[in-house]
Amino acid sequence: MRFQRGDIVKNAPGWTAGCYVITGYNATRPKNCYDAAHIVTGKRYRLSNDGIFKVGIASPEFFD
């Protein structure tokens, strides 16, 4: 597992722009193993290791 719950990640250049918070990890989905929420819209996504990089860590209040 490269990222953990609470990590803020951004898409690499060349991908659709977006900033997300990792909300979970599911090893049964090897392609898109990370559950994430878009920071602005709150919409849920499934992300893979490819094309994202860590830019910060969300505060615990984000999950309240």
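**Questions about a predicted model**

Me: Which residues does Ser48 touch, not counting residues up to four places away in sequence?
Reply: Keep in mind that this is a predicted model. Ser48 sits in the loop between β4 and β5 (52-57). Leave out anything up to four places away in sequence, and the residues Ser48 touches are Lys31, Asn32 and Tyr34.

Me: And is Ser48 buried or exposed?
Reply: Buried means a relative accessible area under 20%. Ser48 has 10%, so that loop residue counts as buried.

Me: Which elements give two or more residues to the largest nonpolar core?
Reply: That core has nine residues in all: Phe3, Val9, Tyr20, Ile22, Cys33, Tyr34, Ala36, Leu47 and Ile52. The elements that supply two or more of them are β2 (19-25) and β3 (34-38).

Me: Let's pick one core residue. What is Ala36 in contact with, leaving aside its neighbours within four places in sequence?
Reply: Ala36 is one of the residues of the largest nonpolar core, and so are Tyr20, Ile22 and Leu47. Those three turn up among its contacts too. With the sequence neighbours set aside, the full list is Tyr20, Val21, Ile22, Thr23, Lys43, Arg44, Tyr45 and Leu47.

Me: How many disulfides does a search of the whole structure find?
Reply: A disulfide needs two cysteine sulfur atoms within 2.5 Å. The sulfur of Cys19 has its closest cysteine partner in Cys33, but they are 18 Å apart, so that's too far for a bond. Searching the whole structure, the number of disulfides found is zero.

Me: Is Cys33 buried or exposed?
Reply: Cys19 is partly exposed, at 25% relative accessible area. Cys33 has a relative accessible area of 5%, and the cut-off for buried is under 20%. So Cys33 is buried.

Me: Which strand gives the most to the lining of the largest pocket?
Reply: The largest pocket has a volume of about 160 Å³. Of its 13 lining residues, the closest to the centre are Asn11, Trp15, Thr16, Tyr20 and Leu47. By type, the lining divides into six nonpolar, five polar and two charged residues. The strand that gives the most, with three residues (its span is 44-47), is β4.

Me: Asn11 came up there. Which residues does Asn11 touch, not counting those up to four places away in sequence?
Reply: Asn11 lies in strand β1 (residues 7-11). At 10% relative accessibility, Asn11 counts as buried. Skipping residues up to four places away in sequence, Asn11 touches Thr16, Gly18, Tyr20, Gly51, Ile52 and Phe53.

Notes. Residues are numbered from 1 along each chain as its sequence is written. This is a predicted model: local features need pLDDT of at least 70, side-chain atom pairs count only at pLDDT 80 or more; totals for chains, interfaces and linings use all residues. Side-chain values use heavy atoms; hydrogens and water are left out. A nonpolar core is a set of buried Ala, Val, Leu, Ile, Met, Phe, Trp, Tyr and Cys residues joined through side-chain atoms within 4.5 Å. Buried means under 20% relative accessible area, exposed over 50%, partly exposed in between (1.4 Å probe, protein chains only). Helices (H or I, at least four residues) and strands (E, at least two) are DSSP runs, numbered from the N terminus. Contact means heavy atoms within 4.5 Å. On a 1 Å grid over the protein atoms alone, a cavity is a set of points where a 1.4 Å probe fits but cannot get out, and a pocket is an open set with protein on both sides within 12 Å along at least five of seven lines; lining residues have an atom within 4 Å of a point. Grid points are joined across faces, edges and corners, and a volume is the space filled by probe spheres set on the points. Ala, Val, Leu, Ile, Met, Phe, Trp, Tyr, Cys and Pro count as nonpolar, Asp, Glu, Lys and Arg as charged, and the others, Gly among them, as polar.
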